[in-house]
Amino acid sequence: MKNKFTWILNFVILFLFLTACKNNQNEQKTTSKKLETALELSYAKSFSIKTFNDFYLIELKSPWPNAKEPFTYLLFKENAQIPKDLEYDQKVQIPVKKMVVTSTTHIPALEALNEENSLIGFPGLDYISSEKTRKLINSGKIKELGKNENINTEILIDLEPEVVIGFAIDANNKTLETIQKMGIPVMYNGDWTEKTPLGKAEWIKFFGAFYDKLAEAEEEFESIEKAYKEAKDLAKSARNTPKVLSGAMYKDQWYLPYGNSWHAQFIKDANANYVYSNTRGNGSMALSFESVLEKAQNADFWISAGQFTSYSQLLEESEHYRQFEVFQKKNVYSVSLTKGETGGVIYFELGPQRPDLVLKDLVAIFHPDLLPNYETTFFKALEE
């Protein structure tokens, strides 16, 4: 009887021990699933990335200005173990093989990651300037989807994209909502809401997650950041700080960037004095011609002069431009002279992803002695 009791007692102890071990293993598995690492973002403020064992969570904090709620996107690898209580707005399996993007600013990130071949459709192909992607367009590998605000959903469905990277200026996105209802996940990109040049460029990490290439994305960004800082440090050695005007007239208003905009940051980092550097706001300022003339008549340089490409065009718009010294000295520069084969302005596509090249352009313009014989990428002097 005693031996039988001892046997039963030992069995119970063994059972409890094995159960405890199993529970401990399950607890470890559950804990490991919840282990997360926040990807370090040094400049971007509008999104965040959390990396788990086999999936990423992207929180889009600001898809457009004054957005009421953030979006959470789940990017999961094959056979990923997703916690049942995980909350998200949209999900997609990675690495993505077939993608549609809706802004030309997305193209350089795909190319930098060597993933341009995953792009299967775009609204407004003529706006794309990159030679690399244009070859794919010309060979028929990227389809025209119409206009951004009215995407051809029939063509989109036939393409069967795994995800559409959306771009929107507010919450009224009926076309993208329709696409989402058709079962195609739409995930917004808010790179344009960033206030700093490097903040915009850091969005390459957003795309890096879709291809499970975060390491490559970080390496690319670090290279851009290094080049940007080098150009900024070079500008600090300049002997003078020129006065800079920006923007141009449209009808009866002169539209200019605010002093806290990414555009104004470029001017500051190029060691120049933007005439409206003390202003704050979103979008563009709209001022009268008289007020701009009073403040900037003696400016040394005028950059980003709207869509104008020549001095004759400026005078056709308004003879009053002659009153500016910068016009008289022929120190007006525009990005509208540098275009792709179908007319797209290269600056609007590549500039946000390559702020180092933008800054070098401005340093070369404002301080030509620092970068002698430098061939600018985006900004060119207006033609006669």
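A salt bridge is a side-chain nitrogen of Lys or Arg within 4 Å of a carboxyl oxygen of Asp or Glu. In this structure, which is a predicted model, K132 and E116 form such a pair, with their closest N and O atoms 3.5 Å apart. A search of the whole structure finds 13 salt bridges. The largest pocket holds about 1600 Å³ of space, and the largest cavity about 50 Å³.

**Salt bridge K132–E116**

- K132 belongs to helix α3 (residues 131–138) and E116 to the loop between α2 (107–112) and β7 (119–122), so their salt bridge ties together parts that are 16 residues apart in sequence.
- K132 is partly exposed, because its relative accessibility is 37% and the partly exposed class runs between 20% and 50%.
- E116 is buried, because its relative accessible area is 9% and the limit for buried is under 20%.

**Other salt bridges**

- D233 and K236 meet through their side chains in a salt bridge of 3.8 Å, N to O.
- Both D233 and K236 are in helix α8 (residues 214–236), where they sit 3 residues apart, about one turn of the helix.
- An α-helix has 3.6 residues a turn, so residues three or four places apart point the same way.
- D233 is partly exposed at 47% relative accessibility, whereas K236 is exposed, with a relative accessible area of 57%.
- E325 pairs with K329 in a salt bridge whose closest N and O atoms are 3.9 Å apart.
- E325 counts as partly exposed at 31% relative accessibility, and K329 is exposed at a relative accessible area of 52%.
- Side chains of opposite charge can pair when their charged atoms come close.

**Helix α5**

- T175, L176 and I179 are the buried residues named in helix α5 (residues 174–181).
- These residues lie on the same side of α5, because they cover an arc of only 95° around the axis.
- K174 and K181 are exposed on the other side of α5.
- The buried residues of α5 pack against two strands that follow one another in numbering with a helix between, β10 (150–151), α4 (153–159) and β11 (163–166), and also against β12 (186–188).
- After α5 comes G183, which has a positive phi, near 95°.

**Largest pocket**

- About 1600 Å³ of space lies in the largest pocket.
- The lining of the largest pocket has 46 residues, and W192, W262, S284, Y347 and F348 are the closest to the pocket centre.
- β15 (253–257), α9 (262–269) and α13 (346–350) are the elements that give two or more residues to this lining.
- By class, the lining of the largest pocket comprises 23 polar, 17 nonpolar and 6 charged residues.

**Largest cavity**

- The search of the whole structure finds 1 cavity of 30 Å³ or more.
- Lining the largest cavity are T105, A109, D191, K200, A201, W203, I204, F207, P352 and Q353.
- At least two residues of this lining come from each of α6 (197–201) and α7 (204–210).
- The cavity lining divides into 6 nonpolar, 2 polar and 2 charged residues.
- The charged residues of the cavity lining are D191 and K200.

Methods: Residues are numbered from 1 along each chain as its sequence is written. This is a predicted model: local features need pLDDT of at least 70, side-chain atom pairs count only at pLDDT 80 or more; totals for chains, interfaces and linings use all residues. Side-chain values use heavy atoms; hydrogens and water are left out. Buried means under 20% relative accessible area, exposed over 50%, partly exposed in between (1.4 Å probe, protein chains only). Helices (H or I, at least four residues) and strands (E, at least two) are DSSP runs, numbered from the N terminus. The arc is that of the directions from the helix axis to the C-beta atoms. Contact means heavy atoms within 4.5 Å. On a 1 Å grid over the protein atoms alone, a cavity is a set of points where a 1.4 Å probe fits but cannot get out, and a pocket is an open set with protein on both sides within 12 Å along at least five of seven lines; lining residues have an atom within 4 Å of a point. Grid points are joined across faces, edges and corners, and a volume is the space filled by probe spheres set on the points.
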